[in-house]
Amino acid sequence: WVSQHPAWEGVITMLIAACESLVIVGIIVPGIAMLYGVGALVGLGLLDLWPIVGWTAAGAALGDGVSYWVGWRYKERLRTLWPMNKYPDLIPHGEAFFNRHGGKSILFGRFAGPMRAIVPTVAGILHMPPARFYAIDFASSIVWAPAAILPGVAIGASIGLAAEVASRMVVLIILSVVGKPEPMTLVLRALSTTAAFRGGRLRGA
């Protein structure tokens, strides 16, 4: 759907990244898996890499910003509000992580799946200065965005390569079946030569 609606591809990617970074939502919605899927479309040549990376970074910063605001707005009362009261251990774990790493937890938490959606909220609860939070958050979003997209790009590129090789093999097989075995013979001969060469090297070793 994303590849068929290019006018929406950036907005959709941004919303996926925002959900991945949004308090509670990031725990429920498999945002990182969806971003891998977007990356696969890039690897297949259906989307452009750098605009997608930019939208991903923007979405990550947006989700973190909303989570930070929620923590800043509701503070300790957030523990008793729905849906946070359904996850009583979430804020304490985030506070322990934040107290251990300080401001760097915004960066570290970005790459720690369970912490990604709660650390910005904890930063808001603990009244981390907004200027410091957003400076670290914007930098971490820029660093994280390629890490979230590139694995999918590799997957998509490998799928495309496998499909290309398979299609060429099918053509060669068809040619051999219809009475033109030369292309297939050449391929098999090359494979046999390669196998013999590797076998000789192994025996020599």
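Ala139 is found in helix 9, which spans residues 130-177, and in this predicted model the residue is partly exposed, with a relative accessible area of 42%. That value lies between the limits of 20% and 50%, so Ala139 is counted neither as buried nor as exposed. Although 33 residues separate Ala139 from Ile106 along the chain, their C-alpha atoms are 9.7 Å apart.

Asp137 also lies in helix 9, but its relative accessibility is 0%, and Asp137 therefore counts as buried. Leaving aside residues up to four places away in sequence, Asp137 touches Ala61, Asp64, Ile106 and Arg110. Ile106 thus appears in the surroundings of Asp137 as a contact, and in those of Ala139 through a C-alpha separation of 9.7 Å.

From Arg110 the path leads on to Ser105, for Arg110 is among the residues that Ser105 touches, together with Phe97, Phe98 and Val119, when residues up to four places away in sequence are not counted. Ser105 is placed in helix 6, which covers residues 105-110, and with a relative accessible area of 0% Ser105 is buried. Ser105 and Pro120, which are 15 residues apart in sequence, have C-alpha atoms 8.9 Å apart in space.

Asp64, another contact of Asp137, leads to the packing of helix 4 against helix 1, since Asp64 is one of the helix 4 residues that meet helix 1. Two packed helices are described by the angle between their axes and the distance between the axes. Here the axes of helix 1 (residues 9-21) and helix 4 (residues 49-74) come within 7 Å and cross at roughly 40°; the two helices are therefore oblique to each other, and their crossing is right-handed. On the side of helix 1 the contact is formed by Glu9, Gly10, Val11, Thr13, Met14, Ala17, Ala18 and Ser21, while the residues that helix 4 brings to it include Ile52, Trp55, Leu62 and Ser67. By class, the residues of this contact divide into 9 nonpolar, 7 polar and 2 charged.

How far these details can be read depends on the confidence of the prediction, for where pLDDT is low, the predicted coordinates should not be read in detail. The protein chain has a mean pLDDT of 79, with 74% of its residues reaching 70 or more. Among the elements of the chain, helix 4 has the highest mean pLDDT, 92, whereas helix 10 (residues 182-204) has the lowest, 51. Over residues 201-205 the pLDDT is below 50, and this stretch has 0 contacts in the model beyond near neighbours in sequence.

Technical notes. Residues numbered from 1 in each chain as written. Predicted model: local features only at pLDDT ≥ 70, side-chain atom pairs only at ≥ 80, totals over all residues. Heavy atoms only, no water. Axes fitted to C-alpha atoms, helices over the stretch in contact; angles between N-to-C directions. Parallel < 35°, antiparallel > 145°, perpendicular 65-115°, else oblique. Left-handed = near helix turned anticlockwise from the far one by under 90°. Contact = heavy atoms within 4.5 Å. Nonpolar A, V, L, I, M, F, W, Y, C, P; charged D, E, K, R; others polar. Buried < 20%, exposed > 50% of the residue type's maximum accessible area, 1.4 Å probe, protein only. pLDDT = per-residue confidence, 0-100.
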